[in-house]
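Student: Can we go through this model together? I'd like the overall picture and then some local detail.

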Amino acid sequence: MTVLVTGGAGYIGAHVVRLLRERGTAVVVDDLSTGAPDRVGDTPLVQIDLAADDAVEKLVAVMHEYGVAAVVHIAAKKQVGESAERPAWYYSQNVGGMANLLMAMEAADVANLMFSSSAAAYGLPDVPADVLLDENVVCNPISPYGKTKLICEWMCRDAAAAWGLRWAGLRYFNVAGAGWPDLGDPAVLNLIPIALRALTSGDQPKVFGGDYPTPDGTCVRDYVHILDLARAHLATLDYLQRDTRPYELFNVGTGVGASVTEVLDQIKASTGYRLDAPVIERRPGDPAMLVADVQRIRDVLGWATTKTLAEMVDSAWQAWAPTHGEPPVPPAAG
Ligand SMILES: NC(=O)c1ccc[n+]([C@@H]2O[C@H](COP(=O)([O-])OP(=O)(O)OC[C@H]3O[C@@H](n4cnc5c(N)ncnc54)[C@H](O)[C@@H]3O)[C@@H](O)[C@H]2O)c1
């Protein structure tokens with residue numbers, strides 16, 4: 001069975017493609033806006049902007065040419081800040097891209113879809129700070145980016161009712177690390193790459209807020225290793241083959257939070273750099289704690305994380321160091 005992976009040339013997509021190739025065939029559709037062709041190896045890559053006017057026609061042609069049986073829809077614009085500055089463009093890219101993909105799938109008679117959603121769909125949920133978020137929590141996305149993810153989930157649900165789309169969405173929490181050193185996260189948007197960039201340019205990362213109601217006062221998030229996350233995509237494709245599918249949405253996290261301070265301590269241990277991060281004002285809109293309840297994905301998909309925070313940071317560092325020039329010799333950790 002050939003799986004079409006949108007966004008397969010990106011950080012997460014390239015990991016999913018590499019795992020998929022171990023058990024079958026894949027074709028990648030990507031506009032290469034943030035992805036790079038060398039991340040997909042010899043997997044066929046077709047350059048299409050999913051949000052473009054001619055995307056439906058081109059996607060249908062790809063689905064027919066490669067005999068596509070399922071789609072893993074990972075492609076999206078993902079920068080929260082940029083989405084607040086350019087909301088209409090985010091809706092046209094992420095929601096428009098999803099609309100075109102669904103029209104193409106219906107036209108080409110491809111019924112199976114795994115969709116990359118995000119914990120950003122939860123936003124600032126109305127639950128006590130220390131509660132693990134399960135999939136039934138009422139979503140309250142605060143950024144246009146998070147809203148596009150929630151709308152895409154609704155679109156899938158409507159397509160399922162209208163023409164029998166078989167779909168499941170994975171709500172990723174904080175994805176980190178690298179499965180292979182050549183597939184590190186090229187974007188510097190999350191805590192680990194931000195800290196690695198600061199340290200290797202002779203700077204210090206900043207900690208936004210040290211007075212949250214968490215054990216050490218810094219924000220707590222749920223970090224999941226990219227290889228564990230990629231394996232969840234394969235488990236979801238298997239789930240879509242089942243006759244009975246009780247749920248559409250699954251959190252992907254570890255169920256255990258790590259604070260900013262804990263992550264920085266691990267970065268210090270993994271890199272050997274001196275780390276003395278200044279604590280500054282809180283950023284608006286940062287919840288104290290966002291940690292997944294992962295019981296559903298464990299029970300229904302039989303998926304569980306296998307990797308530790310140390311493995312996430314070690315692998316991120318091994319991918320980061322060679323691609324960002326010769327880092328300065330780390331001063332002795334103190
Ligand atoms: N990285 C995270 O921590 C995280 C967390 C939650 C959810 N997600 C979601 O996971 C997905 C992948 O994220 P990533 O970190 O790999 O990002 P990425 O930017 O590395 O990958 C996105 C890929 O999609 C492609 N793309 C973007 N817009 C496109 C369009 N209109 N048409 C065709 N291709 C397009 C890009 O070129 C890129 O290859 C996104 O949907 C993102 O919202 C990521």
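Tutor: Below we take the whole chain, one strand, the ligand shell and two backbone angles.

Tutor: This is a predicted model, where local features need pLDDT of at least 70, side-chain atom pairs count only at pLDDT 80 or more, and totals for chains, interfaces and linings use all residues. Residues are numbered from 1 along each chain as its sequence is written.

Student: How many helices and strands are there in the protein chain?

Tutor: The protein chain has ten helices and 14 strands; these are DSSP runs numbered from the N terminus, H or I of at least four residues for helices and E of at least two for strands.

Student: And what is the radius of gyration?

Tutor: The protein chain has 20 Å, which agrees with the value near 20 Å for a compact globule with 334 residues. The radius is taken over C-alpha atoms, and the globule rule is 2.2 Å times the number of residues to the power 0.38.

Student: Is β2 buried or exposed?

Tutor: Five of the six residues of β2 (residues 25-30) are buried, so the strand is largely enclosed by the rest of the structure. Buried means 20 or more other C-beta atoms within 10 Å of the residue's own, exposed 12 or fewer, and partly exposed in between, with C-beta atoms placed from the backbone.

Student: Which strands pair with β2?

Tutor: Strand β1 (residues 2-6) pairs with β2 in the parallel sense over five bridges, and β3 (residues 45-47) pairs with β2, also parallel, over three bridges. Pairing requires at least two DSSP bridges between the strands. Val28 in β2 stands opposite Val5 and opposite Leu45 in β3.

Student: OK, the ligand. Which residues come nearest?

Tutor: Gly7, Gly10, Ile12, Gly35 and Ala76 come nearest, out of 30 residues around the ligand. A residue counts as near if its C-beta atom, placed from the backbone, lies within 6 Å of the molecule.

Student: Which element gives the largest share of that shell?

Tutor: α1 does, with three residues.

Student: Where is Leu32, and what is its phi?

Tutor: Leu32 is in the loop between β2 and β3, and its phi is positive, about 60°, although Leu32 is not a glycine. Most residues other than glycine have a negative phi. Leu32 is partly exposed, with 13 other C-beta atoms within 10 Å.

Student: What about Asp109?

Tutor: Asp109 also has a positive phi, near 65°. Asp109 lies in the loop between α4 and β5 and counts as exposed, with 11 C-beta neighbours inside 10 Å.
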